[in-house]
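The following exercises are to be worked with the sequence and the structure at hand. Each task is followed by a solution in steps.

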Amino acid sequence: MKARRIGAWIAIAIGASYFIIPLLGTLEFSLRMRRGAYSFDAYRSVFADIQFRETFGYSMLMALLTIVFGMLLVVPTAYWVRLRLPQVRPIVEFITLLPLVIPAIVIVFGYLRLYNSSSVLPLTGSTSGTNALLMFSYMTLSLPYMYRAVDTAMRAIDVRTLTEAAESLGARWPTILFRCIFPNVMSGVLSGAFITLAIVMGEFTMAALLNRPAFGPYLQLVGANKAYEPSALAVIAFAITWLSMGLIQLVSRFQKSAPAKA
Amino acid sequence: MAFLTLTNIQKSFGPVQVVHNFDMGIDKGEFVSFLGPSGCGKTTILRMIAGFETPSGGSILINGKDQGALKPNQRNIGMVFQAYALFPNMNVHDNVAFGLKVAGATKAEIDQRVKQMLGLIKLEHLADRYPYQLSGGQQQRVALARALAVKPQVLLLDEPLSALDAKIRISLREEIRQIQQQLGITTVFVTHDQEEALSISDRIVVMNAGRADQIGTPFEIYNTPATRFVASFVGTLNIIEGKVADPAAGAVTIGGQRISLKEPIAGFKGGDSISLALRPEAGSIAENGRGDTALPGEVVSTSFLGSVIRTKLRVGSDIISFDMFNNPGMTPPVAGDNVTLRFAAKDLLVIRE
């Protein structure tokens with residue numbers, strides 16, 4: 001029994017080392033820009049770079065738009081599937097999982113073929129069109145996470161009965177959706193939103209191939225040309241991801257529903 | 001004319017017909033319970049009245065107006081669900097106010113009505129609480145207030161007490177009945193609990209396999225069940241198998257003993273098998289027990305149920321249960337005792353399929 005426990009601790013220690021040592025190494029390296037002393041020079045250099053601010057701001061804006069449009073697509077879809085079309089749920093789940101199995105590069109080449117400047121819908125023919133295309137591609141990438149987060153939140157509440165209760169009180173669909181359902185799946189929506197934020201901030205392929213000034217291509221550019229700044233950027237990217245995960249935890253705790261007491 | 005009229009209602013889910021040609025009229029202010037086992041179609045009828053299911057055939061009229069073309073949110077029907085269905089993101093006040101806000105009432109009207117409704121269910125002090133901070137009984141009372149706040153034409157209660165514990169169930173059902181009588185609202189109550197239905201209804205509909213086996217007052221349903229199903233589902237009933245000896249004279253034999261039912265038995269011939277029903281409370285083994293009929297038997301078992309003692313007696317090939325009121329001074333019979341069961345022949349009911 002004791003030997004088994006020691007074995008478990010050794011396995012955890014090896015696993016933790018595998019993740020933590022490279023991170024500590026990166027953090028330590030990012031602090032060594034000044035010779036002979038630890039400093040935040042690399043971080044200062046990163047934050048002083050106008051390109052950092054532009055690409056970071058651009059990706060944040062894209063992330064926000066992706067979250068808003070993603071919510072407007074996913075919440076009504078998940079709600080409708082749960083309420084009226086439970087038989088198509090496996091199909092919808094399969095579709096939402098496709099971005100996990102189809103590489104981003106394949107998706108973006110598909111987009112370029114479908115929406116190039118000589119196509120019927122020439123989205124890549126203008127900056128705003130390309131931005132919209134990038135946002136929709138981010139929505140596609142975040143779909144597996146967003147849909148699952150929202151669907152799980154809907155499973156926690158009795159969507160059908162809440163809908164019927166609201167209907168019997170005279171409510172119409174927009175009222176039911178925005179006043180009875182949306183607030184009760186908000187923890188799921190926010191979980192999906194933070195995952196989306198993390199995905200969008202680090203995504204490279206789509207932004208690079210659509211030639212947009214996003215944070216992902218900037219990370220790659222800095223990584224190829226500088227020594228200490230890439231490590232600082234990697235630490236910043238990790239911090240954003242962890243912050244998102246922390247916020248997911250925080251939001252789930254603040255949900256107002258709990259199991260009914262008899 | 002009835003306030004709520006259901007005419008020839010049918011409902012099928014694919015090839016399965018769950019409601020067959022159901023007809024009923026419910027008067028204004030009446031409290032009607034639909035009683036039956038799971039899958040008998042009682043909830044389906046309720047959901048058709050609410051508009052959540054569309055009848056495959058027939059019509060539903062409320063106050064003379066056909067509800068067929070109306071959506072659930074246009075019917076002005078209050079509904080209380082088994083699972084409470086309070087909106088988790090709203091506190092008690094906002095839950096009760098929801099229907100009024102949807103109807104476009106002013107803030108002053110809403111506040112006044114919510115106060116009135118919370119007063120009705122005696123929960124004014126919990127107006128700021130969220131559903132997860134309430135007990136099951138409190139949540140269901142809030143659900144009732146919410147349904148009543150919009151002054152519905154008809155109140156539908158879909159097994160509202162099933163998720164509650166026994167004590168709260170009894171107190172809440174009395175409260176529901178009192179509020180219903182106070183407001184005079186036409187109410188349809190669905191339950192599988194016969195005690196609930198018997199205790200609070202003006203009339204009961206006993207449903208069996210999509211059909212109404214019997215519609216009547218609790219007294220009629222309990223004392224004169226129309227079918228074997230009603231007899232076995234409502235209350236505890238002994239079904240005794242006998243043979244018709246003389247239909248004209250109302251004579252039957254049970255366990256080889258001839259008994260007179262005191263009136264002719266229509267529809268039977270001599271020698272036919274006949275099923276007779278006897279309520280446990282109709283029999284007695286006391287020496288001075290009243291009744292014009294006596295059947296000798298042997299005690300099989302005795303169960304102490306608190307206020308009553310239920311004894312099972314073997315009479316011929318039948319096992320008959322009967323109840324005695326508990327009395328600390330009495331000596332309950334024990335298995336193997338030979339006793340005589342006395343009852344009035346008029347309490348034996350002929351069961352027709």
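**Exercise 1.** Determine whether B:Asn8 is buried or exposed in this predicted model.

*Solution.* Begin with the count of neighbours: 12 other C-beta atoms lie within 10 Å of B:Asn8. A residue with 12 or fewer such neighbours is classed as exposed. B:Asn8 is therefore exposed. Next, place the residue: B:Asn8 belongs to strand β1 (residues 4-13) of chain B. Finally, inspect the backbone: the phi of B:Asn8 is positive, near 50 degrees, and the residue is not a glycine. Most residues other than glycine have a negative phi.

**Exercise 2.** Locate A:Asn211 in chain A and describe its backbone and surroundings.

*Solution.* A:Asn211 sits in the loop that runs between α10 (205-209) and α11 (215-225) of chain A. Its phi is about 55 degrees, a positive value in a residue that is not a glycine. With 12 other C-beta atoms within 10 Å, A:Asn211 is exposed.

**Exercise 3.** Describe how domain 1 and domain 2 of chain B are arranged.

*Solution.* First, take the bounds: the domain assignment gives domain 1 (4-231) and domain 2 (236-351) of chain B. Their C-alpha centres are 39 Å apart. Then consider the contacts, in which four residues of domain 1 of chain B meet five residues of domain 2 of chain B. On the domain 1 side, these comprise two nonpolar, one polar and one charged residues.

**Exercise 4.** State the confidence of the prediction for chain B and for the complex.

*Solution.* Chain B has a mean pLDDT of 91, with 99% of its residues at 70 or more. For the complex, the predictor gives an ipTM of 0.83 and a pTM of 0.80.

How values were computed
Residues numbered from 1 in each chain as written. Chains lettered and ligands numbered in written order. Predicted model: local features only at pLDDT ≥ 70, side-chain atom pairs only at ≥ 80, totals over all residues. Domains from an automatic or database assignment. Contact = placed C-beta atoms within 7 Å. Nonpolar A, V, L, I, M, F, W, Y, C, P; charged D, E, K, R; others polar. pLDDT = per-residue confidence, 0-100. Helix = DSSP H or I, 4+ residues; strand = E, 2+ residues; numbered from the N terminus. Buried ≥ 20, exposed ≤ 12 C-beta atoms within 10 Å, placed from the backbone.
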